Amino acid sequence: MCAKQRHNYKNLKIWKLGLEITNDISDMLLDFPKHEQFDLSSQISRCSVSMPSNIAEGSARTDKSFSHFLDISLGSSFELGTQLLVAQHRKYINNETLKMLEEKIEEFQKMTMGFQNGLN
């Protein structure tokens, strides 16, 4: 890709899936206890929003820089997976919700790594 061209993040499947995960998380957090609002809920929300946000921000950069933003997005996805395990341990989410989100996050990670490999 020419250095002056940029990706349109709204057309990227990884961005769309990241946004879907973010929306799933937002819906899930409605059922969290109020005392978690500024603790685990906030952390889960921030890292889920970070996933598509870093794809969007990186898409305006060179491919080398975009790859760095994809690394950040991937890191947020792994952080989210850990936080969901904490939420499940605390009985804030059930096994079915955890499994569904873990599957989407794993798909996001595989797709993002594949896309990133295509940039390099």
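# Why these words fit this predicted model

User: Why is Trp15 called buried?

Analyst: Trp15 has a relative accessibility of 15%. The word buried is used under 20%, so Trp15 counts as buried. Please keep in mind that this is a predicted model.

User: How many aromatic pairs does the structure hold?

Analyst: The structure holds three aromatic pairs. One of them joins Tyr9 and Trp15, with 5.1 Å from centre to centre and 75° between the planes.

User: What makes Tyr9 and Trp15 a pair, and why is the pair called edge-to-face?

Analyst: Take the distance, then the angle. Ring centres have to lie within 6.5 Å, and those of Tyr9 and Trp15 are 5.1 Å apart. Planes over 60 degrees apart count as edge-to-face, and the angle here is 75°. Both tests are passed, so the name fits. Tyr9 itself has a relative accessible area of 26%, which makes it partly exposed.

User: How do you know that Phe66 and Phe115 are edge-to-face too?

Analyst: The same two steps work. Their centres are 5.7 Å apart and their planes meet at 70°, while the cut-offs are within 6.5 Å and over 60 degrees. Phe66 belongs to helix H3 and Phe115 to helix H4, so this pair ties together parts that are 49 residues apart in sequence.

User: Are Phe66 and Phe115 buried or partly exposed?

Analyst: Phe66 is buried, at 0% relative accessible area. Phe115, at 24%, counts as partly exposed, because the buried class ends at 20%.

User: What makes Lys104 and Asp24 a salt bridge?

Analyst: A Lys or Arg side-chain nitrogen has to come within 4 Å of a carboxyl oxygen of Asp or Glu. The closest N and O atoms of Lys104 and Asp24 are 2.5 Å apart, so the pair qualifies. Lys104 sits in helix H4 and Asp24 in helix H1, so the bridge ties together parts that are 80 residues apart in sequence. Lys104 and Asp24 are both buried. They also belong to a network of salt bridges with Glu20. By this rule, the count for the structure is six salt bridges.

User: How do you know that Arg90 and Glu36 form a salt bridge?

Analyst: Their side chains meet at 2.8 Å, N to O, and the limit is 4 Å. This pair links distant parts of the chain: Arg90 is in the loop between H3 and H4, and Glu36 in the loop between H1 and H2, 54 residues apart.

User: Why is Arg90 placed in one exposure class and Glu36 in another?

Analyst: Arg90 has a relative accessible area of 39%, so it is partly exposed. Glu36 has 3%, so it is buried. Leaving out residues up to four places away in sequence, Glu36 touches Ser41, Ser42, Arg90 and Tyr92.

User: Where do Glu103 and Lys99 lie, and what makes them a salt bridge?

Analyst: Their N to O distance is 2.5 Å, which is within the 4 Å limit. Both lie in helix H4, four residues apart, so about one helical turn separates them. An α-helix has 3.6 residues a turn, so residues three or four places apart point the same way. Glu103, at 43% relative accessible area, is partly exposed, and Lys99, at 48%, is partly exposed as well.

User: Which residues have the most contacts inside the largest nonpolar core?

Analyst: They are Ile25, Met28, Phe32, Ile44, Leu80 and Leu84, in a core of 26 residues. Helices H1 (13-29), H2 (40-58), H3 (63-89) and H4 (95-119) each give two or more residues to it. H1 gives the most, with seven residues.

User: What does Met28 touch?

Analyst: Apart from neighbours within four places in sequence, Met28 is in contact with Ile44, Leu84, Ile93, Thr97 and Leu101. Met28 is also among the buried residues of H1, and what covers those residues includes H2, H3 and H4.

User: Why is the span of H1 called close to the expected one?

Analyst: H1 has 17 residues and reaches 24 Å from its first C-alpha to its last. The expected value, at 1.5 Å a residue, is 24 Å.

User: Where is Thr62, and why is it called partly exposed?

Analyst: Thr62 is in the loop between H2 and H3. Its relative accessibility is 36%, and partly exposed covers values between 20% and 50%, so the label follows. From Thr62 to Met28 the C-alpha distance is 35 Å, and the two are 34 residues apart in sequence.

Methods. Residues numbered from 1 in each chain as written. Heavy atoms only, no water. Core = buried A, V, L, I, M, F, W, Y, C linked by side-chain atoms within 4.5 Å. Buried < 20%, exposed > 50% of the residue type's maximum accessible area, 1.4 Å probe, protein only. Contact = heavy atoms within 4.5 Å. Expected span 1.5 Å × (residues − 1). Phe/Tyr/Trp six-rings, centres within 6.5 Å; stacked < 30°, edge-to-face > 60°.
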